[in-house]
Structure formats: structure tokens, C-alpha cells
Amino acid sequence: MNYMNQLNVFWRIEQMLNLTPSASYLYLRMLSIYNGLHWAKSITPAENVVKGTLKHGAFIKARKLLIDKGLIEYKSRGANRSAKYEIFELTDKRVQSLFDHSSDHTGDCTSDHTGDHTGDPYIRRDETNKDKRRKHKKRVYDQDSDFMKLAEFLQKQILLNKPDFKKPNLQTWADDMRKLVELDHRDKHQVALVIKWAQHDSFWSINVMSPDKLRKQYDRLTLHMQSSQGSTSEPRVSKQEDAKKKADKERSKFVLYKYSEAGNDLEKALPIIKDKYPEIDTPDKALRILFPERYLTAGGVEVGN
């Protein structure tokens, strides 16, 4: 397992997994411990070492979320022994399974509102709501429908990458495309461009394989597409911002690498970091880069305080 690869993939999927700041902090802390132990298959650190600045209750909730999301495995070994942890390597196959796992728990969104929790068992059992849904006449889309054309276009693009892709219900797909255009107010031509771009991207091509996923990730996809193509109304500003983001990312990588190289000893790593980046001249500034989640919680309150 490669530390920097694991970090880069985690940063890429973190928001899509809807992790809490505490869960992100705990995962990064465990990753750092793993790296310090030279990537043993499993680790058994004391709880106070794992949880860092998290209080016990926040730590338990964060750990459960990481387990539920399929990022780590946890096994208790009794009251007087440290628990056993395993972090899974974020390969393409593992990332795909994370999103599949998340979809299984979310349920299909049959409402015209993306915020509807139709996966809730109490709602599914509500016979009154079922009767109301039955009263709505189901839409049927013919081959000349723009929404059906978008559905078929997505299917064809997916088949280019995965010839054995299971044939979907194109009527359902067309209805999801209608929601994307009519309810989310997306331009049909732009939707087609986003579909084509996503299916040519190595990461998104395996994570957007239905209109429902396309709809959920649409804003993120358009931003990634614009970034990769340099598409913006103010190119100079975009290039400057892009350059700054790249520089910040390189700086973060360097700080993390030197921190890891020093055996997670910040006092030892700080002079080396400061030599390359003079602005990082205090432990607090280095910690803001190593563990940004501590400084980005709601209301400006640090995690654990």
C-alpha cells in the first residue's frame, strides 16, 4: 500500500462518501499510524493513540461510520486488550465497491426530489404513500424523446468501456434524465457533453453508470470537466486559481511525506519543512496542513473541543 496514493484517492472520494469531520480526521490519523508501522496487515494501537483529540463518544461514532462505509475493519479483543484495525487499500475495485455499498443503503430515488429518503423502511411500509404513488400515471418515453435519446447515449458510452454491461430499464433511465433536465434545470446539450467526458475519465467512468448517479454527481462532474479542459469565462483567473491549487497540493504532499519520513515526529520534521516552505514556521501551521479537518468544522470550532 502506498501512503500518498491512499491519501490522494481518499481526498478525491471523501465528500462523495458524506463523511463527518470526525470520521475524516480519524481515517487520516489511522492512515498515519499505519504508515508509521510500515503497512502491517492489521494494527492494535491503544484507543487513546487512535482517537487523538476526539472525545470518546465522537470517536465511537466516527469509527462506526468508517466501518459502515467499508473503509476500515474493526475487531474487539476484550476489555483488557487493544482492538484490532485494518485499513483497506483504495484500489479502483475497492472504490467501486464503496459506492455500490453506499447505493445499497441509500435506495432508489423514485421521487422528483433528490432529498426524498425513499430508502427509509418506514416510508416503504407506509401503505398510504404507496396508494398515492399508484395514482400517478407512469410516463412512457418513445424513441424520439430527448430524454430517451440521452438515456440511450449514456448506455452506448458505457458499453464502449464495458461491453458486458447489463441492459438497463431505459424507461427508468429516460425518466431520470427528465428529472435532471426539468427539475434540476440542466441543459440537454451540456448533459450529453458531461456524459461523454465522464465515460472517458478513468475514475468517473466506473462511478457514473446510471442517470441517477449522473444526477447526484452532476455539479462535481461539470467542475472536473471544466478544470480538465480549462473551460471558464475568465481564463486568467481560472489558471491562477488552478496554479494555486496545484501548489497547495504539492505543499501538502511534501509536508505529509516529511512528517511520515520523520516517524510522525513533527518537531523533527518541522525544520526540513520550514527550509522548503518558510511560511510554515510553527507546529500549528504544519498541523493545519496535516489535519485540516480540525480547523474546518461548523462554526469554526475544532473537532474534539
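**Figure 1. Surface and overall make-up of the predicted model.** Roll a probe over this protein and the accessible surface adds up to about 18500 Å², with carbon and sulfur atoms owning 50% of that area. Keep in mind that we're looking at a predicted model here. Of its 305 residues, 39% count as buried. The secondary structure is made up of 15 helices and two strands. As for how the chain packs on itself, take the contacts between residues at least 6 apart in sequence: 61% of them join residues at least 24 apart.

**Figure 2. Where the predictor is confident, and where it isn't.** The average pLDDT for the protein is 80, and 80% of the residues reach at least 70. Residues 106–126 are one stretch where the pLDDT drops below 50; leaving out near neighbours in sequence, that stretch still has 23 contacts in the model. Residues 297–305 also sit below 50, with 16 contacts beyond near neighbours in sequence. Where pLDDT is low, don't read the predicted coordinates in detail.

**Figure 3. A close-up of the largest nonpolar core.** This core has 74 residues. Which of them touch the most other members? That would be Ile 13, Tyr 27, Leu 71, Met 177 and Leu 214. Helix α2, covering residues 21–36, is the top contributor with nine residues. As general background, nonpolar side chains in soluble globular proteins tend to be buried together.

**Figure 4. Zooming in on Leu 214.** Skip the residues up to four places away in sequence, and Leu 214 still touches Met 177, Leu 180, Val 191, Val 194, Ile 195, Val 208 and Leu 221. Met 177 turns up twice in this story: it's a partner of Leu 214, and it's also on the list of residues that touch the most other core members.

**Figure 5. Asp 176, an acidic residue tucked into a helix.** Asp 176 is part of helix α9, which spans residues 170–183. Is Asp 176 buried or exposed? Its relative accessible area is 10%, so Asp 176 falls under the 20% cut-off and counts as buried. Not counting residues up to four places away in sequence, Asp 176 touches Pro 211 and Asp 212.

**Figure 6. The one enclosed cavity.** A count of cavities of 30 Å³ or more comes to one. About 90 Å³ of space lies in the largest cavity. Its lining takes in 12 residues, and those nearest the centre are Leu 7, Leu 28, Leu 256, Leu 290 and Phe 291. Four helices each supply at least two lining residues: α1 (3–13), α2, α13 (235–261) and α15 (283–290). Which helix gives the largest share of the lining? It's α1, with three residues.

**Figure 7. Two positive phi angles outside glycine.** First up is Asn 18, in the loop between α1 and α2. Phi of Asn 18 is near 55°, a positive value in a residue other than glycine. Asn 18 has 58% relative accessibility, which puts it over the 50% cut-off, so Asn 18 counts as exposed. Next is His 185, found in the loop between α9 and α10 (188–199). His 185 isn't a glycine either, and its phi is positive at about 60°. With a relative accessibility of 68%, His 185 counts as exposed too.

Notes
Residues numbered from 1 in each chain as written. Heavy atoms only, no water. pLDDT = per-residue confidence, 0-100. Contact = heavy atoms within 4.5 Å. Core = buried A, V, L, I, M, F, W, Y, C linked by side-chain atoms within 4.5 Å. Buried < 20%, exposed > 50% of the residue type's maximum accessible area, 1.4 Å probe, protein only. Areas by Shrake-Rupley, 256 points an atom, 1.4 Å probe, with all protein chains shown as cover. 1 Å grid on protein atoms, 1.4 Å probe; cavity = no way out; pocket = protein on both sides within 12 Å on 5 of 7 lines; lining within 4 Å. Points joined across faces, edges and corners; volume = space filled by probe spheres on them.
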